[in-house]
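Biologist: Could you walk me through this model, one residue at a time? I'd like the reasoning as well as the answer.

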Amino acid sequence: MSNDELIAAARAAAAQSYSPYSDYAVGAALRFADGSVVTGTNIENASYGLALCAETVAVAKAMADGVRGGLVAVAVVGPQDKGNGAPITPCGRCRQVLNELAQLGGTDPEILCVGSEVRVVQLSALLPHAFGPEALD
Ligand code: THU
């Protein structure tokens, strides 16, 4: 799947967003080294602080299916009419959640942050000096 297709998958996932409180639909799509793709979307809660981000949901879906590495790219898409077209970047918690899966497989995935343009950054640039599973060895 190309990067454009991965972004399209993230956008399709955002269509399933449950975000009645923020009205901010997010979609995420993870691409793995074997070509497989897992998507997620944000899921909010009447207890606002319990919202689950799209990236975290996608990682949880993949890991619940037994995936433990091979993460090579992540596309993240937010609403096109908010943020003045600035590319959305994963929140701090999602960076840490993505890092766990990445470090398990020894990869440093590209994060495709979608706005009016697509900003491509490595996870290691978004989360330098990360704390990960290796620290506990
Ligand atoms: N959100 C995500 O899904 N991913 C991010 O990286 C940033 C924020 C969600 C959480 C909440 O449902 C909504 O966007 C507004 O913060």
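What follows is a short chat about a predicted model.

Biologist: Let's start with salt bridges. Which residue forms a salt bridge with Lys 82?

Modeller: The count for this model comes to one salt bridge. Its closest N and O atoms are 4.0 Å apart, and the cut-off is within 4 Å. The partner of Lys 82 is Asp 23.

Biologist: How many residues apart in sequence are the parts that this pair ties together?

Modeller: Lys 82 forms its salt bridge with Asp 23. Lys 82 lies in the loop between β3 (71-77) and α3 (92-105), while Asp 23 is in the loop between α1 and β1, so the pair ties together parts whose separation in sequence is 59 residues.

Biologist: Is Asp 23 buried or exposed?

Modeller: Its partner Lys 82 has a relative accessible area of 31%, so Lys 82 is partly exposed. For Asp 23 the value is 58%, and exposed means over 50%. That makes Asp 23 exposed.

Biologist: Now a charged residue without a bridge. Which side chain of opposite charge is nearest to Glu 55?

Modeller: Glu 55 sits in helix α2 (residues 54-64). It is buried yet has no salt bridge. Setting aside residues up to four places away in sequence, Glu 55 touches Ala 28, Val 76, Pro 90, Cys 91, Cys 94 and Leu 98. The nearest side chain of opposite charge is 7.6 Å away, and it belongs to Arg 95.

Biologist: Back to the loop between α1 and β1: is Ser 19 buried or exposed?

Modeller: Ser 19 is in that loop, between α1 (3-14) and β1 (27-32). Beyond its neighbours within four places in sequence, Ser 19 is in contact with Tyr 24, Ala 25, Asn 42 and Glu 44. Its relative accessibility is 10%, and the cut-off is under 20%, so Ser 19 counts as buried.

Biologist: Which side chain makes a polar contact with the side chain of Ser 19?

Modeller: The contact spans 2.7 Å, and the cut-off for a polar contact is within 3.5 Å. The other side chain in the pair is that of Ser 17.

Biologist: What is the area of the nonpolar surface patch that includes Tyr 21?

Modeller: Tyr 21 is found in the loop between α1 and β1. At 39% relative accessibility, Tyr 21 counts as partly exposed. A patch residue needs over 30%, which Tyr 21 has. Together with Tyr 18, Ile 43, Tyr 48 and Leu 52, Tyr 21 makes a patch of about 520 Å².

Biologist: And Gln 16? What separates its C-alpha atom from that of Val 26?

Modeller: Gln 16 is in the loop between α1 and β1. With a relative accessible area of 61%, Gln 16 is exposed. Gln 16 and Val 26 are ten residues apart along the chain, and their C-alpha atoms are separated by 9.0 Å.

Biologist: Last one, on backbone angles. What is the phi of Asn 84?

Modeller: Asn 84 is found in the loop between β3 and α3, and at 86% relative accessibility it counts as exposed. His 129, in the segment after α4 (123-126), is exposed with a relative accessible area of 82%. His 129 is not a glycine, yet has a positive phi of about 55°. Asn 84 is not a glycine either, and its phi is positive, at about 55°.

Notes
Residues are numbered from 1 along each chain as its sequence is written. This is a predicted model: local features need pLDDT of at least 70, side-chain atom pairs count only at pLDDT 80 or more; totals for chains, interfaces and linings use all residues. Side-chain values use heavy atoms; hydrogens and water are left out. Helices (H or I, at least four residues) and strands (E, at least two) are DSSP runs, numbered from the N terminus. Buried means under 20% relative accessible area, exposed over 50%, partly exposed in between (1.4 Å probe, protein chains only). A polar contact is a pair of N or O atoms within 3.5 Å; within protein, one must be able to donate a hydrogen and the other to accept it, and residues adjacent in sequence count only if both atoms are side-chain atoms. Contact means heavy atoms within 4.5 Å. Lys and Arg count as positive and Asp and Glu as negative; His and the chain ends are not counted. Patches are made of residues with over 30% relative accessible area and no salt bridge: like charges are joined within 9 Å, nonpolar side chains (Val, Leu, Ile, Met, Phe, Trp, Tyr) within 5 Å. Accessible areas come from the Shrake-Rupley method with a 1.4 Å probe; for residues, only the protein chains shown count as cover.
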